[in-house]
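Q: I'm new to this one and I keep getting drawn to the aromatic rings. Please give me a close look at them and at what surrounds them, all in one go.

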Amino acid sequence: MVKHCVGIATAVFLTVCFASVVQAQNTASSEKEIVRPKGYESLRLNSSTGLQAMVDKAVAEVIEAHKELKKDDIAVTLIDLREPANLAYAHYRGEAPTYPASVVKAFYLAAMHQQLEDGKLKMTPELERGLRDMIVTSSNEATQYIVDVLTDTSSGGELPAKEFELWSYRRNRMNRYFASMGYGNININQKTHCEDAYGVEQQFRNYKGENRNMITSNASARLMADIALGRVVNRERSSMMMELLKRDPFAEGKAANSQATDFAGKALIDGKLTGAKLWSKAGWTSRNRHDAAYVETPGGLKFAIAVLTENRSNEKEIIPAMVGKLIDQMMDRKE
């Protein structure tokens, strides 16, 4: 951050000082813009009537089993990764914007690795700790730190119009990055909070809860597929991301993680798929309960899935029921 010029008596010098600050900030913004990799192409997904029938059936059964779950309270996207050259997908309300809760942290992870790869940021022990805590334990404090580093912004008091304009432009770096890669209908420019936002963070929401983070199940499943296929930044960086996203649903005691056992991973537990592998980022609030995951089963299934739910955040069975029903259908179809 550029230090404020203080203790100067003349208004002329203050004007010059402020102009220098703005110029320096604009230069820094340009230097640290997050840029998609050269040669990157948006993931090509082919609509599948077979997968669509499975998704529609699973959604109908889950809604029937949970009488208070409304049709607009859930969104699902399924991507079959068994044939990387011919990816099939299906969705239910896949483009419906939904508050992401902590699923957004997977997007920040990808953006950070792009900056590290391009040499615009340097890995430090503290940054490594922040990334791990953001993904593994879903720390909001770590996420706030990561967003600060990614955008050259920081929380604090409300800002005058000119400073706020630059601050807002910087905070939208992640949006521009993912838009350049073909991710649409998302907004990922806000920090995650345990309670509420204050000062400039509230100013950024226009004091009315506007400009909130929003994602779709299509974007969330696609990100997991992009990472699993080694397409985010490059294969090496994607592997690093996968290492942080890796979950063990069958871990016990202190090694157990609710993101592994209470969401998509519960479907693997309930189905006794002890050889299955899971990578995921879950999110939950008082209103939302989500999971975005990549799964490999002993029977050869490989798929990315996102299940986003609203207004039923305390119902732990909806997401695993959806994932379990889809696994059963895909296994039956394969056989």
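**The rings and their surroundings**

A: Let's warm up with a residue away from the rings: Met 54 sits in helix α2, residues 49-65 (helices are DSSP runs of H or I with at least four residues, strands are runs of E with at least two, and both are numbered from the N terminus). Met 54 is buried, at a relative accessible area of 6% (buried is under 20%, exposed over 50%, partly exposed in between, with a 1.4 Å probe and protein chains only). From the C-alpha of Met 54 to that of Ala 251 it's 30 Å, and 197 residues along the chain.

A quick word on what you're looking at: this is a predicted model, where local features need pLDDT of at least 70 and side-chain atom pairs count only at pLDDT 80 or more, while totals for chains, interfaces and linings use all residues. Residues are numbered from 1 along each chain as its sequence is written, and side-chain values use heavy atoms, leaving out hydrogens and water.

Now the rings. The structure has nine aromatic pairs (rings of Phe, Tyr and Trp, the last by its six-membered ring, pair if their centres lie within 6.5 Å; planes under 30 degrees apart are stacked, over 60 edge-to-face, the rest tilted). Take Phe 263 and Trp 284: their ring centres are 5.4 Å apart and the planes make an angle of 35 degrees, so this pair is tilted. Phe 263 belongs to the loop between α11 (258-261) and α12 (264-270), and Trp 284 to strand β5 (residues 277-284), so the pair ties together parts 21 residues apart in sequence. Phe 263 is buried, with a relative accessibility of 1%, whereas Trp 284 is partly exposed at 40%.

Trp 279 and Tyr 294 are another pair to find: with centres 5.3 Å apart and planes at 35 degrees, they're tilted as well. Trp 279 is in strand β5 and Tyr 294 in strand β6 (residues 288-296), so the two rings link parts 15 residues apart in sequence. Both partners are tucked away: Trp 279 is buried at 11% relative accessibility, and Tyr 294 is buried at 5%.

While you're on β5, Ser 280 is in that strand too. Ser 280 is buried, with a relative accessible area of 0%. Its C-alpha lies 18 Å from that of Ala 142, which is 138 residues away in sequence. In the loop between α12 and β5 you'll find Thr 274, which is exposed, at 64%. Thr 274 and Thr 309 have 27 Å between their C-alpha atoms, at a separation of 35 residues in sequence.

Some rings gather in a group: Phe 107, Tyr 177, Phe 178 and Tyr 183 make up one aromatic cluster. Tyr 183 also has a charge over its face, since Arg 222 lies there at 3.7 Å from the ring centre (such a charge is NZ of Lys or CZ of Arg within 6 Å of the ring centre and within 35 degrees of the ring normal). Over the face of Tyr 99 lies Arg 212, at 4.2 Å from the ring centre.

That last pair leads to the largest pocket, which holds about 500 Å³ of space (on a 1 Å grid over the protein atoms alone, a pocket is an open set of points where a 1.4 Å probe fits, with protein on both sides within 12 Å along at least five of seven lines; lining residues have an atom within 4 Å of a point). It is lined by 23 residues, and Tyr 99, Ala 101, His 193, Arg 212 and Thr 285 are the closest to its centre. The lining splits into four nonpolar, 11 polar and eight charged residues.

Ala 101 deserves a second look: it isn't a glycine, yet its phi is positive, at about 50 degrees. This residue is in the loop between β3 (87-92) and α3 (104-117), and Ala 101 is buried at 6% relative accessibility. Tyr 207, also not a glycine, has a positive phi near 60 degrees. You'll find Tyr 207 in the loop between α8 (200-203) and α9 (217-228), where it is partly exposed at 46%.

One last stop is helix α10 (residues 235-245), with buried residues Arg 237, Ser 238, Met 241, Met 242, Leu 244 and Leu 245. The face turned away from that buried side carries exposed Arg 235 and Glu 236.

Technical notes:
Grid points are joined across faces, edges and corners, and a volume is the space filled by probe spheres set on the points. Ala, Val, Leu, Ile, Met, Phe, Trp, Tyr, Cys and Pro count as nonpolar, Asp, Glu, Lys and Arg as charged, and the others, Gly among them, as polar.
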